[in-house]
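Colleague: I am new to this one, so could we go through it together?

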Amino acid sequence: MTTEQNNPISFEFFPTKTDAGHEKLIAAAHVIAAEKPEFFSVTYGAGGSTRDRTVNTVLQLDQEVKIPTAPHLSCVGDAKEDLRSLLNQYREAGIKRIVALRGDLPSGMGQASGELRYANELVEFIRNETGDHFTIEVAAYPEAHPQARHFEADLENFIRKARAGADSAITQYFFNADCYFHFVERVRKAGVDIPIIPGIMPITNYTKLARFSDSCGAEIPRWIRKQLEAYGDDSASIAGFGTEVISHMCERLLDGGAPGLHFYTLNQAEPSLAVWRNLGRS
Ligand code: FAD
């Protein structure tokens, strides 16, 4: 799937715990695949909590749904030996792209026990182990990572990840295009020119979105919150309003030079595709 200017579009899934959930994921992936995205990606539970499910989902999307698929890989809580063996498994299966992250250990898993502390160290590790085999994506935070001391420290961290060998970046989601433009401008001023793809979260469920946004540091503007609150349980109105708001933001991002879009699908095809169709660029 490409935009008018041939910008790549990609879609993220998470590995499910149940067979029924997995079937839904694969069905959604087939619907999205018809639009020919550049790649899919599959999240990884830090500390290896989804290791087998992530691997199986990646291989099925890549080999059966036939869209190049990128595993997420996080270093917190994983030993180098585990990371090495996963990298080899992916390389042997013909996987060419990795999303390299620090990760957040799920609550209850205790303190981080991995040998690598931050994503820049993981990028370096992947380059040392596998050379140029993988295209490496890293995370970017236009509104700053919630644990960062301040914006400048987080910006420096992003630059460190790029200099460690990342080829490209995907942002945390946001609802304010200006924060993306500001972040990109600051990165360019530092002399780093890797593509920074906006991560796009369709709006479908206000309660879940508000909870998740609190934990990952994504700000929901007051006017959006107030409108979503007013809709209560009216999911059709939430979806309609959400599609309109997100489509408008995507339009601004692409018109302003964003090199593509990465959709957080939450394993559903329709919310992301509704935005995509609204853009009228397929
Ligand atoms: P890092 O880049 O290592 O940064 C983490 C924090 O540490 C930042 O605050 C940074 O400023 C700070 N920092 C970095 N280096 C140093 C240093 N040397 N000294 C002091 N502070 C430092 N999580 C998962 O568990 N699984 C996933 O599959 C997953 N996929 C994601 C995909 C995308 C596109 C994004 C944006 C996030 C994803 N996450 C995932 C969430 C991510 O793991 C968390 O946001 C995590 O807290 C940070 O990961 P990172 O790779 O950005 O870490």
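Colleague: Is arginine 281 buried or exposed?

Modeller: Happy to help! This is a predicted model, where local features need pLDDT of at least 70, side-chain atom pairs count only at pLDDT 80 or more, and totals for chains, interfaces and linings use all residues. Residues are numbered from 1 along each chain as its sequence is written, and side-chain values use heavy atoms, leaving out hydrogens and water. Buried means under 20% relative accessible area, exposed over 50% and partly exposed in between (1.4 Å probe, protein chains only); because arginine 281 has a relative accessible area of 6%, arginine 281 is buried.

Colleague: Which side chain does the side chain of arginine 281 join in a polar contact of 2.9 Å?

Modeller: A polar contact is a pair of N or O atoms within 3.5 Å; within protein, one must be able to donate a hydrogen and the other to accept it, and residues adjacent in sequence count only if both atoms are side-chain atoms. At 2.9 Å, the partner of arginine 281 is aspartate 255.

Colleague: How far is an oxygen atom of the ligand from an N or O atom in the side chain of tyrosine 141?

Modeller: Tyr141 is among the residues that come nearest to the ligand. The distance from that ligand oxygen to the side chain of tyrosine 141 is 2.7 Å.

Colleague: And which ligand atom is 3.0 Å from an N or O atom in the side chain of histidine 72?

Modeller: The side chain of histidine 72 has an N or O atom at 3.0 Å from the ligand, and the ligand atom there is a nitrogen.

Note on methods
Near = heavy atom within 4 Å.
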